[in-house]
Amino acid sequence: MDSPTRCEPSTPHDSTRSFRSGLSTGSGLAAAPFLLAISFGALTQAQGWGPVAPVICSLVVFSGSAQFAMVATLGAGGDALATVIAAALVNSRYVPMGIAIAGDLRGGRLRRALEGQAVVDGSWAAAHLGGGRFDRSLLLGATVVQWPVWVAGTAIGVAVAPDPGLLYTLGLDALTPALFAVLLLDELRRGREGWLSAGIGAGVAGAGIAVVSAGPALVAGAGAAALVALARAGRTGRAEEAAR
């Protein structure tokens, strides 16, 4: 029996078309992170980070949840170790997400590690084709748009330094839940194979909101959904291997 088909387009033309589709998808996904980045830049100025550190942080870290965790920890008087631990815990969801998509990345260890930096929530969900398969070109295209937008939003927040209350009026309490809701609906639209992981993720997030704020609840829901999807992909892969 033939080996299972990978998600990567079979010709350069298909790959280019998929990358362009990712650019279009990423442009839509970048709206909410842009406003969140402005909020992040503003909050760092309220805490005295200075003009350079926040922009470098967004360039290197490129993770809204981790960066807001850093701001919150430092604002509460935490030291550098506590800040790193908080950011690592928030970003732990990327472990199962990275494992799920690892088989669709290309090249040696260094190139695969670099391509793995494109695994962000919106791009990862948009690139999922179902059955544990991902469109690598779409993933890269979607992220290559969002990264400069995130950095630019941070720079604007630093330069303008609007009221940090913007975080709550236009940020985590509204845009982030809306973004995750759109991703959830998109996953349900793709087919029944995504219903279980999407349903569990939504259930965990809904239950979490009763105990914690929306941000941590959404992170927990995303992590639960990713773990379920990874387990299902593993079972599918073993079944296909046994069939061969």
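This passage describes the overall make-up of the chain, its aromatic pairs and the surroundings of one phenylalanine, F62.

The structure is a predicted model, and the description that follows therefore concerns a computed arrangement of atoms. The chain is built from 13 helices and two strands, and of its 244 residues 41% count as buried. Among the contacts in the chain with a separation of 6 or more, 72% are accounted for by residues that stand 24 or more positions apart. The accessible surface of the chain amounts to about 12,300 Å², and carbon and sulfur atoms contribute 67% of that area.

Three aromatic pairs are present in the structure. In general, such a pair is described by the distance between the ring centres together with the angle between the ring planes. One of the pairs is formed by F40 and W49, whose rings are arranged edge-to-face, with 5.8 Å from centre to centre and 85° between the planes. The edge-to-face label applies because the angle of 85° falls in the range over 60 degrees that defines this class. Both partners, F40 and W49, are buried, and together with F68 they make up one aromatic cluster.

Another pair consists of W124 and F134, for which the centres are 5.2 Å apart and the planes meet at 40°, an arrangement that counts as tilted. In this pair W124 belongs to helix α8, which covers residues 121-127, whereas F134 belongs to strand β2, which covers residues 133-134, so that the pair ties together parts lying ten residues apart in sequence. Both rings belong to residues that are classed as buried: W124 has a relative accessibility of 13%, while F134 has a relative accessible area of 2%. Each of these values qualifies because a residue counts as buried when its relative accessible area is under 20%.

A further aromatic residue, F62, is located in the loop that connects α3 (53-60) with α4 (64-75). Although F62 is found in a loop, this residue is buried, because its relative accessible area is 15%. When residues up to four places away in sequence are left out of the count, F62 touches C57, Q67, V120, T143, Q146, W147 and W150, a set of neighbours that includes the tryptophans W147 and W150. The C-alpha atom of F62 is also separated by 9.0 Å from that of Q117, although the two residues are 55 residues apart along the chain.

Note on methods. Residues numbered from 1 in each chain as written. Predicted model: local features only at pLDDT ≥ 70, side-chain atom pairs only at ≥ 80, totals over all residues. Heavy atoms only, no water. Phe/Tyr/Trp six-rings, centres within 6.5 Å; stacked < 30°, edge-to-face > 60°. Buried < 20%, exposed > 50% of the residue type's maximum accessible area, 1.4 Å probe, protein only. Helix = DSSP H or I, 4+ residues; strand = E, 2+ residues; numbered from the N terminus. Contact = heavy atoms within 4.5 Å. Areas by Shrake-Rupley, 256 points an atom, 1.4 Å probe, with all protein chains shown as cover.
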